[in-house]
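Hello! Here are my notes on the model you sent over, set out as numbered points. Have the viewer open as you read.

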Amino acid sequence: MKGFPKARVDAPLRGHLLFDAAFEDGAMGTVTHLNALEWEVGVRGDTLNPRFRVWYHFAISNMQPGQKMLLHLSGFSKTRSLYRDGMTPCVRSASRPQWERLPPNLVYYYRSPRHEHAYVLSFAFQFDRAEVYSFAYCFPYSYSHLQQQLHRLDALSLPIYRRELLCRTLQHRRLDLLTISSPENLQRDASASAADGRRLPVVFVSARVHPGESPSSFMMHGLLEFLLSDEPAAVRLRALCLLKLVPMLNPDGVFLGNYRCSSLGMDLNRHWQTPSEWASPTILALKGYMERYARSACWSPSVCLDLHAHSTATGGFLFCNSRGDPATFEREAAFPRALSSVAPDFAFSSAKFCADPAKAGTGRRALSDLLAGAHCFTLEVSFFCGLAGGKPAPYSQDGYCALGRQIGLALSIYHCNGIGSGSCNGIGNGQASSGAQARSNGQGSNGGQTGGSAQTGGSAQTGGSAQTG
């Protein structure tokens, strides 16, 4: 338009760092440039709920090769943190997409006089190349990455696998439900009839009700690989049971980069008693789906397992419902014992048996009332490390996947020894076949290849920041 000067936008000078979190599962608060070397990034609260400020995931660009930076992360809502135990942020760059943890000797977690003695995480970093670098609280696993993995699985047309849409979220993302079993059991499930009159076990496993707990997605990834493999323990489990997996129970929260809440700022794991269509549609849909199996003439819910990650504990443990009755304790303890027999990070001594009234709204507590006879557990794994040989061993993405395969092996042992029928050909009595044990263990807490005959699309890497459709 005549009479108005043209806008002029100058490119920032090379070396003036640019911060960005405008991508899927990105999260970053206010950025402050303190001096030539120092920057401060505030940790952003969850959508509509500033109480939870833990997850961060942001990118930095426009650096010069060799440029140094001292970065301070402030505003954490928790003072207790695994940073005290040596946990460090995760980093990757455009040319090196594998996420890695920063060296601990460059990271400091301390009470800062500049921040009224609140805790601050500071780390020194040198950019060796002029490219985009990303930093995150833990290894990201995005909604779009999950969709890509499931599309690859769909293309395989496996006779032991079925995917369905359980509902849409408030922001119209998919709540996927995966069913895995033998072809005969899948037919039995589809027809909702049992010619033999028996009720076979059905297992429910869910993850990411708390969106920032990305290790649960890697465990789910490893579990899915095990269940679709040709390992004898996996084949036997598919013959004995129907397995229902919900890989991402809070897709909106994951996409928005929240740590604990949904798009409405709610902790969905406190809404299981009275879920609603307007506030917690994914919980409502899954609870109703489970209830149908509780009334089924073909199926009997046996185990309900909700996967989580813990921000202050090392290793892993199970929260277990307990009626306080010695007569039922051994059945309540059967799955924790099976898991501890194949996963050293989940020692039976660390299992927590309780009936805390304050947790009545959680899936573990509410579903134990809904699914009569089923044993419901919350599985927690550290955001940071296991304790291999008594020493802290930081988890990698493959390490979390290996834990998922161990969970699958434990489910097989549990159903062979506990409520399954028939011989398990040497898999029962707490023993795993050598092939299954080797694949589930990988390389201890820290590694392991994602093997199996039916891959979930290769690596469990997050594949960048692809937006959802």
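1. Where in the chain is H271 found? H271 is in the loop that runs between α5 (251–256) and α6 (281–294). Please keep in mind throughout that this is a predicted model. With a relative accessible area of 22%, H271 counts as partly exposed, because the buried class ends at 20%.

2. Staying with H271, have a look at its surroundings. Leaving aside residues up to four places away in sequence, H271 touches M266, S280, I283 and G361. Of these contacts, I283 comes with a distance: H271 and I283 are 12 residues apart in sequence, and their C-alpha atoms are 7.4 Å apart in space.

3. Now the overall picture. The protein chain has 10 helices and 20 strands. Its 469 residues include 57% that are buried. Among contacts with a separation of 6 or more, 74% are between residues 24 or more positions apart. The chain exposes about 19,200 Å², and carbon and sulfur atoms supply 54% of that area.

4. Next, the charged pairs. The salt bridge count comes to 12. One of them joins the side chains of R163 and D176, at 3.0 Å from N to O. R163 lies in strand β11 (residues 161–168) and D176 in strand β12 (residues 174–180), so this pair ties together parts that are 13 residues apart in sequence. R163 is buried, at 16% relative accessibility, and D176 is buried too, at 3%.

5. The R163 and D176 pair does not stand by itself. D154, R163, R174 and D176 are linked in a network of salt bridges. If you plan to look at the charges here, I would display these four residues together.

6. Which helices hold R405 and E225? The side chains of these two residues, R405 and E225, meet in a salt bridge of 3.6 Å, N to O. R405 is in helix α9 (residues 397–419) and E225 in helix α3 (residues 215–227), so the bridge ties together parts that are 180 residues apart in sequence. Both R405 and E225 are buried.

7. E330 and R337 give a salt bridge with another setting. Their closest N and O atoms are 3.4 Å apart. E330 is partly exposed, with a relative accessible area of 47%, and R337 is partly exposed as well, at 37%.

8. On the surface, K78, R80, R84 and R111 form a positive patch. Within this patch, R84 lies in the loop between β5 (67–74) and β6 (90–93). R84 counts as partly exposed, at 47% relative accessibility.

9. Finally, two backbone points for your attention. N62 is not a glycine, yet N62 has a positive phi of about 70 degrees. N62 sits in the loop between β4 (57–61) and β5, and is buried at 13% relative accessibility. H172, also not a glycine, has a positive phi of about 70 degrees. Is H172 buried or exposed? At 60% relative accessibility, H172 counts as exposed, and its place is the loop between β11 and β12.

Technical notes: Residues are numbered from 1 along each chain as its sequence is written. This is a predicted model: local features need pLDDT of at least 70, side-chain atom pairs count only at pLDDT 80 or more; totals for chains, interfaces and linings use all residues. Side-chain values use heavy atoms; hydrogens and water are left out. Helices (H or I, at least four residues) and strands (E, at least two) are DSSP runs, numbered from the N terminus. Buried means under 20% relative accessible area, exposed over 50%, partly exposed in between (1.4 Å probe, protein chains only). Contact means heavy atoms within 4.5 Å. Accessible areas come from the Shrake-Rupley method with a 1.4 Å probe; for residues, only the protein chains shown count as cover. Patches are made of residues with over 30% relative accessible area and no salt bridge: like charges are joined within 9 Å, nonpolar side chains (Val, Leu, Ile, Met, Phe, Trp, Tyr) within 5 Å. Lys and Arg count as positive and Asp and Glu as negative; His and the chain ends are not counted. The place of a charge is taken as NZ of Lys, CZ of Arg, CG of Asp or CD of Glu.
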